[in-house]
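Trainee: I am new to this structure and would be grateful for a close look at a single part, namely how its strands are paired. Please give one connected account.

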Amino acid sequence: MIFNRAIIYISMVFALGAHAGGQVSARWPLASFTGRVMNAVSSLNFYGPTPGFHHGLDIEAPALSEVYAPVSGKIAARYYYPPHPSNYTFEISITELGGKRWELHHIDKSTIPAEILAMAEAGEEIDAGTYLGRVFDGRVYEVASHLHINVLIDGFYHEPQLFLPLPQDQIAPQFKRIFILGGNGVREINNLELKRDELTVDSVLLVEAFDQGQVSKLPVYSFQVVESGSSRPFFSFNFANLPFADFLKGVEEFYHLPEVVLGSGEKLKSNPDQFFYRVPLKDLSKAASAMDFVVKDIQGNSARLTLSIYPSSLSK
(Lines give C-alpha, C1' and ligand atoms only; values in the text may rest on other atoms or scores of the structure.)
Protein backbone atom coordinates (compact mmCIF):
# COMPACT_ATOMS: atom_id res chain seq x y z
CA MET A 1 0.00 0.00 0.00
CA ILE A 2 1.40 3.42 -0.96
CA PHE A 3 0.00 6.68 0.42
CA ASN A 4 -0.21 10.04 -1.28
CA ARG A 5 2.55 11.35 0.97
CA ALA A 6 4.99 8.77 -0.37
CA ILE A 7 7.94 10.03 -2.36
CA ILE A 8 9.98 8.31 -5.01
CA TYR A 9 13.30 10.01 -4.34
CA ILE A 10 14.63 12.93 -2.35
CA SER A 11 16.56 15.17 -4.72
CA MET A 12 20.17 15.99 -3.83
CA VAL A 13 21.72 19.38 -4.48
CA PHE A 14 25.38 18.47 -4.01
CA ALA A 15 27.79 15.66 -4.81
CA LEU A 16 27.79 12.49 -2.78
CA GLY A 17 30.91 11.45 -0.93
CA ALA A 18 32.57 8.10 -1.43
CA HIS A 19 32.40 5.52 1.35
CA ALA A 20 35.37 3.85 3.03
CA GLY A 21 33.37 0.62 2.72
CA GLY A 22 29.85 -0.55 2.07
CA GLN A 23 27.51 0.45 -0.72
CA VAL A 24 24.71 3.01 -0.81
CA SER A 25 21.51 0.99 -0.63
CA ALA A 26 19.13 3.32 1.22
CA ARG A 27 17.53 6.71 0.71
CA TRP A 28 18.06 9.74 2.87
CA PRO A 29 15.33 9.63 5.55
CA LEU A 30 14.79 13.36 5.99
CA ALA A 31 13.21 15.93 3.68
CA SER A 32 16.26 18.22 4.04
CA PHE A 33 19.63 16.75 3.12
CA THR A 34 21.95 18.42 5.62
CA GLY A 35 24.09 15.46 6.57
CA ARG A 36 24.82 17.04 9.96
CA VAL A 37 25.96 14.02 11.96
CA MET A 38 25.94 14.36 15.74
CA ASN A 39 27.00 10.81 16.68
CA ALA A 40 28.19 7.71 14.85
CA VAL A 41 27.75 4.04 15.75
CA SER A 42 31.12 4.02 17.57
CA SER A 43 30.67 7.29 19.48
CA LEU A 44 31.35 6.91 23.18
CA ASN A 45 28.26 7.20 25.32
CA PHE A 46 27.46 6.80 29.01
CA TYR A 47 24.27 5.06 30.09
CA GLY A 48 24.18 6.39 33.62
CA PRO A 49 27.67 5.49 34.91
CA THR A 50 28.08 2.65 32.40
CA PRO A 51 30.17 3.34 29.29
CA GLY A 52 29.09 1.93 25.96
CA PHE A 53 28.90 2.59 22.26
CA HIS A 54 26.27 4.96 20.93
CA HIS A 55 25.36 2.09 18.51
CA GLY A 56 23.58 4.25 15.96
CA LEU A 57 23.65 7.39 13.84
CA ASP A 58 22.28 10.73 15.07
CA ILE A 59 21.38 13.24 12.37
CA GLU A 60 20.63 16.77 13.51
CA ALA A 61 17.24 17.89 12.20
CA PRO A 62 14.93 20.77 13.02
CA ALA A 63 11.95 19.82 15.15
CA LEU A 64 9.03 18.49 13.09
CA SER A 65 11.21 17.71 10.06
CA GLU A 66 9.47 15.17 7.83
CA VAL A 67 10.83 11.61 8.02
CA TYR A 68 10.61 9.07 5.19
CA ALA A 69 11.31 5.36 5.01
CA PRO A 70 14.95 4.85 3.94
CA VAL A 71 14.27 1.32 2.61
CA SER A 72 11.44 -0.99 1.65
CA GLY A 73 10.45 -3.83 3.96
CA LYS A 74 8.25 -5.04 6.77
CA ILE A 75 7.30 -2.26 9.17
CA ALA A 76 6.89 -2.52 12.95
CA ALA A 77 6.54 -0.03 15.79
CA ARG A 78 7.20 -0.03 19.53
CA TYR A 79 8.55 2.00 22.43
CA TYR A 80 12.29 1.23 22.40
CA TYR A 81 12.56 2.12 26.10
CA PRO A 82 9.45 0.60 27.74
CA PRO A 83 10.15 2.01 31.26
CA HIS A 84 9.55 5.51 29.85
CA PRO A 85 7.11 5.35 26.92
CA SER A 86 6.66 8.74 25.27
CA ASN A 87 6.47 10.39 21.89
CA TYR A 88 10.28 10.72 22.15
CA THR A 89 11.00 7.04 22.82
CA PHE A 90 8.91 5.69 19.96
CA GLU A 91 10.52 3.57 17.26
CA ILE A 92 9.58 2.63 13.74
CA SER A 93 11.55 -0.28 12.33
CA ILE A 94 11.77 -1.62 8.79
CA THR A 95 13.21 -5.05 8.08
CA GLU A 96 14.45 -5.58 4.54
CA LEU A 97 13.93 -8.81 2.64
CA GLY A 98 17.52 -9.92 3.37
CA GLY A 99 17.07 -9.39 7.12
CA LYS A 100 18.76 -6.03 7.59
CA ARG A 101 16.79 -4.14 10.22
CA TRP A 102 16.51 -0.33 10.28
CA GLU A 103 15.33 1.30 13.51
CA LEU A 104 14.31 4.97 13.50
CA HIS A 105 13.99 6.71 16.87
CA HIS A 106 12.52 10.05 17.91
CA ILE A 107 9.73 10.20 15.36
CA ASP A 108 6.96 11.96 17.25
CA LYS A 109 4.24 9.32 17.60
CA SER A 110 1.53 11.95 17.46
CA THR A 111 2.59 12.83 13.90
CA ILE A 112 2.64 9.28 12.52
CA PRO A 113 -0.31 8.66 10.16
CA ALA A 114 -2.88 6.20 11.49
CA GLU A 115 -2.42 4.12 8.34
CA ILE A 116 1.29 3.67 9.12
CA LEU A 117 0.56 2.56 12.69
CA ALA A 118 -2.03 0.09 11.39
CA MET A 119 0.45 -1.30 8.89
CA ALA A 120 3.05 -1.66 11.64
CA GLU A 121 0.60 -3.53 13.85
CA ALA A 122 -0.21 -5.88 10.98
CA GLY A 123 3.45 -6.30 9.97
CA GLU A 124 2.80 -5.16 6.41
CA GLU A 125 5.30 -4.08 3.78
CA ILE A 126 6.03 -0.44 2.95
CA ASP A 127 8.03 1.16 0.16
CA ALA A 128 11.15 3.28 0.52
CA GLY A 129 10.17 6.95 0.50
CA THR A 130 6.91 6.47 2.40
CA TYR A 131 6.11 9.33 4.77
CA LEU A 132 6.46 8.14 8.39
CA GLY A 133 5.99 11.23 10.56
CA ARG A 134 8.00 14.13 11.97
CA VAL A 135 11.06 14.50 14.19
CA PHE A 136 10.22 14.98 17.86
CA ASP A 137 10.90 18.44 19.30
CA GLY A 138 13.90 17.70 21.53
CA ARG A 139 13.51 20.95 23.44
CA VAL A 140 10.87 19.20 25.52
CA TYR A 141 13.70 17.20 27.13
CA GLU A 142 16.42 19.83 26.61
CA VAL A 143 18.19 17.85 23.89
CA ALA A 144 18.91 18.73 20.29
CA SER A 145 16.20 17.60 17.88
CA HIS A 146 17.53 14.72 15.82
CA LEU A 147 16.74 11.44 14.12
CA HIS A 148 18.49 8.36 15.50
CA ILE A 149 19.05 5.40 13.15
CA ASN A 150 20.20 1.89 14.02
CA VAL A 151 21.12 -0.71 11.42
CA LEU A 152 21.27 -4.31 12.63
CA ILE A 153 22.57 -7.27 10.64
CA ASP A 154 22.47 -10.67 12.35
CA GLY A 155 21.99 -8.86 15.66
CA PHE A 156 25.10 -6.66 15.34
CA TYR A 157 24.95 -2.88 15.09
CA HIS A 158 26.46 -1.56 11.84
CA GLU A 159 27.42 1.95 10.82
CA PRO A 160 24.33 3.38 9.03
CA GLN A 161 26.46 5.85 7.07
CA LEU A 162 27.83 2.93 5.05
CA PHE A 163 24.41 2.48 3.43
CA LEU A 164 23.24 6.09 3.12
CA PRO A 165 24.13 8.81 0.61
CA LEU A 166 26.49 11.29 2.24
CA PRO A 167 27.38 14.91 1.53
CA GLN A 168 30.86 15.29 0.10
CA ASP A 169 33.55 15.59 2.76
CA GLN A 170 37.22 16.25 2.03
CA ILE A 171 38.34 17.10 5.57
CA ALA A 172 40.70 14.50 7.02
CA PRO A 173 40.62 13.37 10.66
CA GLN A 174 43.19 14.88 13.02
CA PHE A 175 45.76 13.63 15.49
CA LYS A 176 46.06 15.86 18.52
CA ARG A 177 48.32 14.26 21.16
CA ILE A 178 49.98 10.95 22.03
CA PHE A 179 50.81 9.73 25.54
CA ILE A 180 52.56 6.62 26.76
CA LEU A 181 51.15 5.01 29.89
CA GLY A 182 53.15 2.38 31.74
CA GLY A 183 54.89 1.44 34.95
CA ASN A 184 56.66 4.80 35.11
CA GLY A 185 53.42 6.75 34.86
CA VAL A 186 52.28 8.80 31.91
CA ARG A 187 54.15 11.19 29.63
CA GLU A 188 53.30 13.05 26.47
CA ILE A 189 55.35 12.11 23.41
CA ASN A 190 56.07 15.61 22.16
CA ASN A 191 58.87 14.78 19.73
CA LEU A 192 57.26 11.63 18.26
CA GLU A 193 60.11 9.51 19.59
CA LEU A 194 59.96 6.44 21.81
CA LYS A 195 62.65 4.55 23.68
CA ARG A 196 62.68 0.90 22.74
CA ASP A 197 62.70 -0.16 26.39
CA GLU A 198 59.37 1.68 26.79
CA LEU A 199 57.71 -0.85 24.47
CA THR A 200 56.74 -3.20 27.27
CA VAL A 201 53.92 -5.69 27.47
CA ASP A 202 52.05 -3.61 30.04
CA SER A 203 52.45 -0.23 28.35
CA VAL A 204 49.89 1.38 26.07
CA LEU A 205 49.78 4.45 23.90
CA LEU A 206 46.87 6.84 24.36
CA VAL A 207 46.30 8.46 20.98
CA GLU A 208 43.98 11.44 20.88
CA ALA A 209 42.39 11.66 17.44
CA PHE A 210 39.04 12.69 16.02
CA ASP A 211 37.07 13.47 12.89
CA GLN A 212 35.72 17.01 12.83
CA GLY A 213 32.02 16.80 12.02
CA GLN A 214 29.70 19.68 11.21
CA VAL A 215 28.09 19.55 14.64
CA SER A 216 30.72 18.06 16.95
CA LYS A 217 33.84 15.94 17.06
CA LEU A 218 33.27 12.38 15.85
CA PRO A 219 35.26 9.19 16.38
CA VAL A 220 37.52 8.04 13.57
CA TYR A 221 36.15 5.28 11.34
CA SER A 222 39.36 3.23 11.19
CA PHE A 223 42.73 3.17 12.94
CA GLN A 224 45.84 1.31 11.85
CA VAL A 225 49.46 1.08 12.99
CA VAL A 226 51.97 -0.25 10.43
CA GLU A 227 55.73 -0.45 10.28
CA SER A 228 57.00 2.47 8.21
CA GLY A 229 57.60 1.40 4.63
CA SER A 230 55.42 -1.68 5.08
CA SER A 231 51.74 -2.46 4.78
CA ARG A 232 51.80 -5.12 7.51
CA PRO A 233 49.61 -3.88 10.39
CA PHE A 234 50.62 -4.29 14.01
CA PHE A 235 47.28 -2.98 15.19
CA SER A 236 44.07 -2.11 13.38
CA PHE A 237 40.33 -1.74 13.74
CA ASN A 238 37.41 -0.22 11.91
CA PHE A 239 33.88 0.51 12.97
CA ALA A 240 31.90 -0.93 10.10
CA ASN A 241 30.09 -2.68 12.94
CA LEU A 242 30.43 -2.99 16.70
CA PRO A 243 32.48 -5.92 18.03
CA PHE A 244 29.65 -7.42 20.09
CA ALA A 245 25.88 -7.63 19.77
CA ASP A 246 25.69 -5.95 23.21
CA PHE A 247 26.67 -2.31 22.63
CA LEU A 248 27.82 -2.02 26.25
CA LYS A 249 30.60 -4.57 25.63
CA GLY A 250 34.05 -3.92 24.19
CA VAL A 251 34.22 -0.16 24.55
CA GLU A 252 37.23 -0.35 26.89
CA GLU A 253 39.20 -2.21 24.21
CA PHE A 254 39.20 0.93 22.05
CA TYR A 255 38.78 3.93 24.34
CA HIS A 256 40.87 4.67 27.42
CA LEU A 257 38.39 5.10 30.25
CA PRO A 258 40.29 5.15 33.59
CA GLU A 259 41.15 8.70 34.58
CA VAL A 260 44.84 9.62 34.32
CA VAL A 261 46.06 12.87 35.90
CA LEU A 262 48.99 14.72 34.36
CA GLY A 263 51.49 16.79 36.32
CA SER A 264 49.68 19.88 35.08
CA GLY A 265 46.51 18.64 36.74
CA GLU A 266 44.80 17.87 33.41
CA LYS A 267 42.71 14.72 33.53
CA LEU A 268 42.94 12.35 30.58
CA LYS A 269 39.85 10.29 30.04
CA SER A 270 37.77 9.49 27.00
CA ASN A 271 34.37 11.15 26.92
CA PRO A 272 31.73 11.80 24.23
CA ASP A 273 33.71 14.82 22.95
CA GLN A 274 37.29 13.60 23.43
CA PHE A 275 38.65 10.28 22.21
CA PHE A 276 41.79 8.61 23.56
CA TYR A 277 42.36 5.39 21.65
CA ARG A 278 44.27 2.57 23.31
CA VAL A 279 47.17 1.10 21.33
CA PRO A 280 48.86 -1.83 23.15
CA LEU A 281 52.64 -1.86 22.76
CA LYS A 282 53.32 -5.59 23.15
CA ASP A 283 53.19 -6.17 19.38
CA LEU A 284 54.72 -2.84 18.41
CA SER A 285 58.02 -3.91 20.00
CA LYS A 286 58.65 -5.89 16.79
CA ALA A 287 58.84 -2.69 14.74
CA ALA A 288 62.27 -1.89 13.33
CA SER A 289 62.72 1.85 13.73
CA ALA A 290 59.45 3.65 13.03
CA MET A 291 55.69 3.15 13.01
CA ASP A 292 53.06 4.92 10.93
CA PHE A 293 49.72 5.72 12.56
CA VAL A 294 46.87 6.09 10.05
CA VAL A 295 43.31 7.17 10.83
CA LYS A 296 40.45 7.46 8.32
CA ASP A 297 36.94 8.82 8.31
CA ILE A 298 33.88 7.14 6.81
CA GLN A 299 34.65 8.60 3.36
CA GLY A 300 38.29 7.48 3.28
CA ASN A 301 39.95 10.82 4.10
CA SER A 302 43.06 9.99 6.11
CA ALA A 303 45.73 11.44 8.37
CA ARG A 304 49.12 9.87 9.08
CA LEU A 305 51.95 10.45 11.54
CA THR A 306 55.22 8.63 12.11
CA LEU A 307 56.55 7.62 15.53
CA SER A 308 60.29 6.86 15.66
CA ILE A 309 61.79 4.18 17.91
CA TYR A 310 65.30 4.63 19.27
CA PRO A 311 67.58 2.47 21.42
CA SER A 312 67.55 3.82 24.95
CA SER A 313 71.14 5.02 24.74
CA LEU A 314 70.36 7.10 21.63
CA SER A 315 66.99 8.46 22.65
CA LYS A 316 66.93 12.23 22.92
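**Strand pairing**

Mentor: The bridge partner of F179 in strand 14 is E188. The model is a predicted one, in which local features need pLDDT of at least 70 and side-chain atom pairs count only at pLDDT 80 or more, whereas totals for chains, interfaces and linings use all residues. Residues are numbered from 1 along each chain as its sequence is written, and side-chain values use heavy atoms, with hydrogens and water left out.

A strand here is a DSSP run of E with at least two residues, numbered from the N terminus, and two strands pair if DSSP finds at least two bridges between them. By this rule strand 13 and strand 14 (residues 185–188) are an antiparallel pair with four bridges. The connection from strand 13 to strand 14 is a hairpin of two residues.

Strand 13 (residues 174–182) also has strand 16 (residues 204–212) as an antiparallel partner, and seven bridges join the two. Within strand 16, E208 is the residue that stands opposite R177. Strands of a sheet pair through backbone hydrogen bonds, in either a parallel or an antiparallel sense.

An open sheet elsewhere in the numbering may be read in the same manner. Five strands make up this sheet in the order 15-24-23-18-19, and their pairing is mixed. Its edges are strand 15 (193–195) and strand 19 (233–238). Each of these has a single partner strand, so one side of each is left without a neighbour in the sheet. On average, neighbouring strands of the sheet are turned by 20° against each other, direction ignored; the axes are lines fitted to C-alpha atoms, and angles run from 0 to 180 degrees between N-to-C directions.

Inside the order given above, strand 24 and strand 23 follow strand 15. Strand 23 covers residues 290–296 and strand 24 covers residues 302–310; the two are antiparallel and share seven bridges. One residue pair can be located directly: in strand 24, R304 stands opposite V294.

To retrace the account on the structure, begin at F179 and E188, continue to R177 and E208, and finish at V294 and R304.
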